[in-house]
Each structure stands twice: as structure tokens, then as C-alpha cells.
Amino acid sequence: MPAVDRLLLEEALQDSPQTRSLLSVFEEDAGTLTDYTNQLLQAMQRVYGAQNEMCLATQQLSKQLLAYEKQNFALGKGDEEVISTLHYFSKVMDELNGLHTELAKQLADTMLLPVIRFREKDLTEVSTLKDLFGLASNEHDLSMAKYSRLPKKKENERVKTEVGKEVASARRKQHLSSLQYYCALNALQYRKRMAMMEPLIGFAHGQINFFKRGAEMFSKSMDSFLSSVTDMVQSIQVELEAEADQMRVSQQELLSVDESVYTPDIDVATPQINRNLIQKAGYLNLRNKTGLVTTTWERLYFFTQGGNLMCQPRGAVAGGLIQDLDNCSVMAVDCEDRRYCFQISTPSGKPGIILQAESRKEYEEWICAINNISRQIYLTDNPEAVAIKLNQTALQAVTPITSFGKKQESFCSSQNMRNSDTENDKIVPKAAGRVPETEELIAPGTPIQFDIVLPATEFLDQNRGSRRTNPFGEMEDESFPEAEDSLLQQMFIVRFLGSMAVKTDHTTEVIYEAMRQVLAARAIHNIFRMTESHLMVTSQTLRLIDPQTQVSRACFELTSVTQFAAHQENKRLVGFVIRLPESTGEESLSTYIFESNSEGEKICYAINLGKEIIEVQKDPEALAQLMLSIPLTNDGKYVLLNDQPDDTGGSPSDNRGAESEA
């Protein structure tokens, strides 16, 4: 493993767990150095004070010099020269055991003073800066916790501004204290080596000058060795000065940045959002449930790794798995009056963890990144290009216009283009000729409804004089009597993506075009919220049921479903076309798009089977033959077969092959 010799000042502001982990290594090294310095000083004081026991004292000093190699410093840059030098001096100490009897003043000035200065000045400075850095970090954490609890009410803008300034001040204070602390720890690695050399040089010179036999003992080889050691110390001093100048310049550059670096959510109106991310890292608040009705929020460092969401607390060496993101879903949620919250659900639809970002930019980038990862884009050869291509395709879609006049005009034109000879429950098979143009399928500017509570044509219905009929067929009665008598009953977990009026139901291309426009509009307008429901398919109706209250949200007669299909690439997308009568005597066509936890082909097959049951109910023999081909459940319901040919959608006549299961 390569040795780490310095802390990067550029990473002080981010304060990531990796930086904290590296910082702990430097702190451990400083603590070890402090302990060793105190031991070395005690040994030198013994030499100074115990003149009558000089031999024993110098022998102890020799042993202590050899102990430097066994300290196992976490940072070992330059220790080879120090260790070799200490080994040589230990040998000299053994030779001078009987000669050190009168060294009081010289030892005090040349041996003890540098070590005392190093301990009192350098090591004490590091300890003080460590305490200041801890206080600044705690103050920053408190201010961030206060900022995270800000409500979304507009009347609290003054409080939000004050808290934002408080966060910026605390973050700047932490940044300044961390820079000073990092610089001191980096400089300590150089001062450590000098502090080990200087007292020994003074000790050696004192021996030469003090004893009459010094000239005999300290030969020219010893003089040259001391000279080389002095040169080495001077070179280290030069390196220290150059490093200090470089750190000083870097510190000034890092502190001269704009205040937006310290202030969270500085650009709320138009943040620069990268929607092509396939990996993301940063701090988020994690919601933890501590009781039946009580929760806590914990600020942790999250990052993605492949298809996994990882979490790494401060001080931890590595991160741990939080959730598998493959085929998951993510949506914005309202949680405890906090801003920028979103929830990650499992592929089965079970709600997962709830997280809070510190800004709108982080909030939307996290949602986009998780959406990209859930599609398993990271497994492709060039995931960045695939993500860019998918988002560019979404941005090229037609954005719904907001003019009421254009919506009314487009709706009328779509009604005029309907084929009057087509029956409600019959579908013209796909034409084998040209692919219809987009304008032939959906009128430009057709409004898109993203909420399941209101129908896609409600905007048009408000302008009509007569009372609007509810195309969803919502009921106040919570019971479903047709389910009891139905020969078919299948339940699917779906999420409503959007609905819109269409001009034709003669081809499944209208469903694919509606899917493209709905998904593109959601991407362009940053709409991530989806309503989850249970889709019950019977031989009479399609019913959307609230999973919590079991209340029917919408109900469609199966005979009104004129077209249905699953997406050819994204198998979880499914849609169908509904033909409904209007109060004016005309008929409307609307397409509804859903995302299913299972394959959309299974829903298509269930709808097709239900429509076949309706068609053969008039012929008892045909009905009996159809029912004999389908196995029964314990309660007398029919389950769907899995041995059908693969087909992704269409009319009742061409959707028999969609694979499904009970």
C-alpha cells in the first residue's frame, strides 16, 4: 500500500467520510508522536539531571532512540533517514557512557530546548486546532439539522434566510478551521523529523566541545556524518517552507470562492440539473422510525455503487448496503413538512426508505440517478451514452400546450376524425401499410392528465353546458358485486402515469405514442409522483382500487376497452384506449398509461381473456370450451395460462398471446 504523506486541502470543504477516515490516520500519527516525544524528553531530562548516573542515562537514551523504529507510525514518509540516523547515534551513545559527567548547561541549551519547543509549540498547536475543528464541526451539524427542519410555508422566508446565513457562516467557519488543522498536520510531518534531529546534533556538538577526549572520539568520519545530517535537516526545512507556501496559496484560493459554495439551495428557481447521472454521492437525511408515531432524521453520506445504494457513516472505513436499486421505483413524497423528500420502493411495490436532500438540485439529481440505475443502464457497454440518449429522446417529445383555445380546437378535430362506422367493442386490426403520423393519432397540444382523481378530458368538460359524465365511473359504494359473479378475476399492482385524449383507436401505435408523450412530459416538467393502485381485471370491468382503503378509484366497462398494448421494450409499461359516450351524444377516446410491477403483457392477456368471455357468453358451448382450457383456483376463479405465444398488445383478437400468471 503506498504511503500517504499529506491531507488535501481541496477536500476540506466536502468533509466526506473518506477525508475523515484519512484525517483519523493523521490524528493517530500525531498522538503517537506526542507520546514518543514525551518519552524522548523524559530520557533527555534524565541525562541532564542524573550526572552521577550518566552511563545509565545515556544507555537508556540509546535504547529509546532504537525504539523509534518500533513505533509503527501510520505515516512513514522520510522515516528511513530518521531510523538510520537514530541507529548510528545509538551506537555513539554506547561509546560515550562513561564520558558524560558535566553536561548541565550545554545539554540544557542544545538537547532539551528543541524538544521542549517542539512539544510546547507544535504539538500543542495541533491539539488546539483539533479542538477548534471539533467545535466547528458540531456547530455546522447543528445548523444543518436546524436548516433541514425548515417548513415549506412562504411566510417563513425570513426565517429560512436567517437559517441559510447561519448554515453558510457555520460551514465557512468549519472550512477555515479544517484548513488550518490540515495545514498543521501536514507541517507536523516535517517538524517531526527536524525535532528528532536537532537535539541530537546539539548533543553531539556538546560532547565534542566539552570533553578533552572529544577530539579522539569524534573523528573526521563523525564530523562528516554530522554535516550530512545537518544538510538533511536543512533540506527538510526547505521542503517545509515550500510546502507551507503552497498550502498558504491554496488556502487563500479556496477561501476566495463565492458564497454560493457555502449556502445550500442558492439557485432554487433554475438549478443546473444533470439528468444523465448513473452514479451519485452526497449527504442525505435518512428517516428512521423510532416508535409508533415518532421518527428521527439522521444525516448520512450516501453513494451508489453499481445497482446498489450504499451508506457510509462518519469515521467508517467502508460503506454498507442500504437498498438494491435494480427495477425499483422512486417518487417525491410529502413527509413531516420537510422539503425535498423522496421515497424508494422495492420492485414489488413495497414502500422503502425515505430520504431528504438539502437542495432542489440534489433532490432532482438523486431522483434522476436512481431512475437511471433502476433501468440497469449501468450494465451496458457505454452507460453514459445510453442515459444521454434516453433523456434526449424524452426532451424531444411534444410538450403539452396550456392554451385553452388550442386544447378545445384539438379535441374537436380529434372527434371529427373518428370513424363513425366503428363499433364500441370492435377494433380494426393493425394496418400492414404505412405507420400513422403522430398528428393522426394524437392532436398536437392535447393536455395530459397526471392525476388519477380527474379524467383526461376534464378541462374540456368544464367548458360544456351540460353536466359532465365521469369517464372513470367512480363509485361511493366500496363493494364490487360484479367480482363475485365474474368468471375471471385477476389483480395487478400498477402506478398511474397519465392519460390523454386521442383521435383514433384503430391501431396500437396510438398507445405507444401516448406512452412516449406522457413519459416525456413527466421528464420535462419534473413530475415524479405516481399514484399506486390495484388493477382488478374481471370478465365485466377494469377496476382501479385504492390499496389502503379498498375503495374503487375508477371503473371501466370491459366492452369500452377498444385497444390495449404493452410497451415493446419496457415490458412494465401498459396502456389501453377507452371509448365513452359524452352528454352531447358524441363519443370520446382516451388513452390511460400505467406502470406495472409485473409484465404488461400479463395485463393485456387478462383483458383479452375477459373480452373473449364476454363474446362467447351468448354461446354456451363455446363458453364451456373456453373455460375448460383454463385451470380453476380453489375458490372457483379462473387463472391465466402461461403457454401462450408472445404478443405485446392490440385488440381482443390479437392479444391472446400475452403471457401471464395467476
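# A guided tour, strand by strand

Start by selecting Pro581: its bridge partner in strand E14 is Glu587. Before going further, please keep in mind that the model on your screen is predicted.

**Stop 1: the hairpins around E13**

Stay where you are and select residues 587–596, which make up E14. This strand runs antiparallel to E13, and nine bridges join the two. Now look at the turn between them. The hairpin of E13 and E14 has five residues between its strands, and Gly585 takes a positive phi near 95 degrees there.

Next, select strand E12, residues 561–566; E12 and E13 are antiparallel and joined by five bridges. The hairpin leading from E12 to E13 passes through six residues. To see one pairing up close, pick Ala565, which stands opposite Gly575 in E13.

Is E13 enclosed or open to the outside? Colour residues 573–581 to find out: eight of the nine residues of E13 are buried, so the strand is largely enclosed by the rest of the structure.

**Stop 2: the seven-stranded sheet**

Move to another sheet, an open one with seven strands in the order E4-E3-E2-E1-E7-E6-E5 and antiparallel pairing. Which strands sit at its edges? They are E4 (320–324) and E5 (329–332), each of which pairs on one side only. If you look along the sheet, neighbouring strands are turned by 40 degrees against each other on average, ignoring direction.

Zoom in on E4 and select E3, residues 308–312, as well: these two strands pair in the antiparallel sense over four bridges. Within this pair, Cys311 stands opposite Gly320 in E4. Then add helix H8, residues 360–374, which packs on the sheet. H8 touches E1 (281–289), E2 (295–305), E3, E5 and E6 (341–345), and its direction makes about 15 degrees with that of E6.

**Stop 3: the cysteines**

How many disulfides does a search of the whole structure find? The result is zero. Select Cys341 as an example: the nearest cysteine sulfur, that of Cys335, is 5.2 Å away, while a disulfide needs the two sulfur atoms within 2.5 Å. Cys341 counts as buried, at 1% relative accessibility. Cys604 counts as buried too, at 0%.

**Stop 4: the nonpolar cores**

Now select Met44, Val47, Leu61, Leu65, Tyr68, Phe89 and Leu185. In the largest nonpolar core, which has 64 residues, these touch the most other members. Helices H1 (17–49), H2 (54–66), H3 (79–95), H4 (104–148), H5 (157–210) and H7 (220–255) each give two or more residues to this core. Which helix gives the most? That is H5, with 17 residues.

Centre the view on Phe89. Leaving aside neighbours within four places in sequence, Phe89 is in contact with Leu65, Leu200, Ala204, Met222, Phe225 and Leu226. There is also a second, separate core of 26 residues, including Val494, Ala554, Ile603 and Ile613.

**Stop 5: where to be careful**

Finish by colouring the chain by pLDDT. The mean for the chain is 77, and 78% of its residues reach 70 or more. Over residues 397–433, pLDDT stays under 50, and the model has 66 contacts beyond four places in sequence for this stretch. Residues 453–478 also stay under 50, with 48 such contacts. Where pLDDT is low, the predicted coordinates should not be read in detail.

Methods: Residues are numbered from 1 along each chain as its sequence is written. This is a predicted model: local features need pLDDT of at least 70, side-chain atom pairs count only at pLDDT 80 or more; totals for chains, interfaces and linings use all residues. Side-chain values use heavy atoms; hydrogens and water are left out. pLDDT is the predictor's confidence in each residue, from 0 to 100. Contact means heavy atoms within 4.5 Å. Buried means under 20% relative accessible area, exposed over 50%, partly exposed in between (1.4 Å probe, protein chains only). Two strands pair if DSSP finds at least two bridges between them. Axes are lines fitted to C-alpha atoms, for helices over the stretch in contact, and angles run from 0 to 180 degrees between N-to-C directions. A nonpolar core is a set of buried Ala, Val, Leu, Ile, Met, Phe, Trp, Tyr and Cys residues joined through side-chain atoms within 4.5 Å.
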